[in-house]
Amino acid sequence: MHKISIKKLKLFAYHGLYKIERDNGQFFSITLHYIPVEKEFLNDDIKNTTDYMDIISTLKLLFVKKKYKLMEELSKYLCIELINIYNLKYVNITIEKSSKFFNEDLEKIKVNFEINNV
């Protein structure tokens with residue numbers, strides 16, 4: 001069984017609880033871990049597994065499809081959609097955003113969600 005990771009994919013979107021976040025938009029960093037359904041023998045053929053470039057393209061489209069106020073809901077939506085589209089065994093997604101709109105001494109805000117069908 002292979003576990004595949006896509007780390008720190010940078011995407012711009014208009015998600016956020018606060019109006020300033022939704023109006024101005026911001027960059028998010030996405031880390032995704034997943035386990036594809038593989039055929040018994042890979043034979044060095046991409047047709048026997050899930051192409052991670054397809055996953056990245058789909059993730060980009062899903063991420064901006066709708067505006068979310070809560071990263072918790074966005075992370076759950078992304079996991080469910082990726083499981084359904086690619087019939088994945090396991091998905092774990094972490095979404096990070098900067099704290100530039102908050103007057104707090106912190107680096108990032110991070111939310112993680114996972115679905116495990118292994």
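# Briefing: strands, helices and a shared core

Let's start with one residue: strand β2 is home to Thr31. The model you are looking at is a predicted one. In it, the protein chain has three helices and four strands, and these follow one another along the sequence as β-α-β-α-α-β-β. Below is a friendly tour, beginning with Thr31 and ending with Lys97.

**Thr31 and its surroundings**

- Is Thr31 buried or exposed? Its relative accessibility is 11%, and because buried means under 20%, Thr31 counts as buried.
- If residues up to four places away in sequence are not counted, Thr31 touches Ile6, Lys7, Lys8, Asn92, Ile93 and Thr94.
- One of these partners, Asn92, is 61 residues from Thr31 in sequence, yet the C-alpha atoms of the two are 8.2 Å apart in space.
- Lys8, another of the residues that Thr31 touches, brings in its backbone: the backbone nitrogen of Lys8 is 3.2 Å from a polar atom of the Thr31 side chain.

**The chain as a whole**

- Across its principal axes, the C-alpha trace of the protein chain spans about 55 × 25 × 20 Å.
- The protein chain has 118 residues, and 42% of them count as buried.
- Take the contacts between residues at least 6 apart in sequence: 59% of these join residues at least 24 apart.

**The largest nonpolar core**

- The largest nonpolar core contains 29 residues, and the ones with the most contacts inside it are Ile30, Leu32, Phe63, Leu78 and Ile95.
- Which elements supply at least two residues each to this core? They are β1 (4-13), β2 (26-35), α2 (52-65), α3 (71-86), β3 (90-98) and β4 (108-116).
- The element that gives the most to this core is α3, with eight residues.
- Ile95 is worth a look in your viewer. Leaving aside neighbours within four places in sequence, Ile95 is in contact with Phe28, Ser29, Ile30, Phe63, Met71, Leu74, Ser75, Leu78, Ile109, Lys110 and Val111.
- Among those contacts of Ile95 are Ile30, Phe63 and Leu78, which also appear in the list of residues with the most contacts inside the core.

**How α2 meets α3**

- The two helices α2 and α3 pack with their axes 10 Å apart, at an angle of about 140°.
- That angle makes α2 oblique to α3.
- As for handedness, the crossing in which α2 passes α3 is right-handed.
- On the α2 side, the residues that meet α3 are Asp54, Ile55, Thr58, Leu59, Leu62, Phe63 and Lys65.
- On the α3 side, their counterparts are Leu74, Tyr77, Leu78, Glu81, Leu82, Ile85 and Tyr86.

**Thr58, a threonine between the helices**

- Thr58 sits in helix α2 and is one of the α2 residues that meet α3.
- With neighbours within four places in sequence set aside, Thr58 is in contact with Leu82, Ile85 and Tyr86.
- Thr58 counts as buried, because its relative accessibility is 16% and the cut-off for buried is under 20%.

**Lys97, a buried lysine**

- Lys97 belongs to strand β3.
- With a relative accessibility of 8%, Lys97 counts as buried.
- Which residue's side chain joins that of Lys97 in a polar contact? The partner is Glu21, and the polar contact between the two side chains is 2.6 Å.

Conventions: Residues numbered from 1 in each chain as written. Predicted model: local features only at pLDDT ≥ 70, side-chain atom pairs only at ≥ 80, totals over all residues. Heavy atoms only, no water. Core = buried A, V, L, I, M, F, W, Y, C linked by side-chain atoms within 4.5 Å. Buried < 20%, exposed > 50% of the residue type's maximum accessible area, 1.4 Å probe, protein only. Contact = heavy atoms within 4.5 Å. Polar contact = N/O pair within 3.5 Å; in protein donor to acceptor, adjacent residues only side chain to side chain. Axes fitted to C-alpha atoms, helices over the stretch in contact; angles between N-to-C directions. Parallel < 35°, antiparallel > 145°, perpendicular 65-115°, else oblique. Left-handed = near helix turned anticlockwise from the far one by under 90°.
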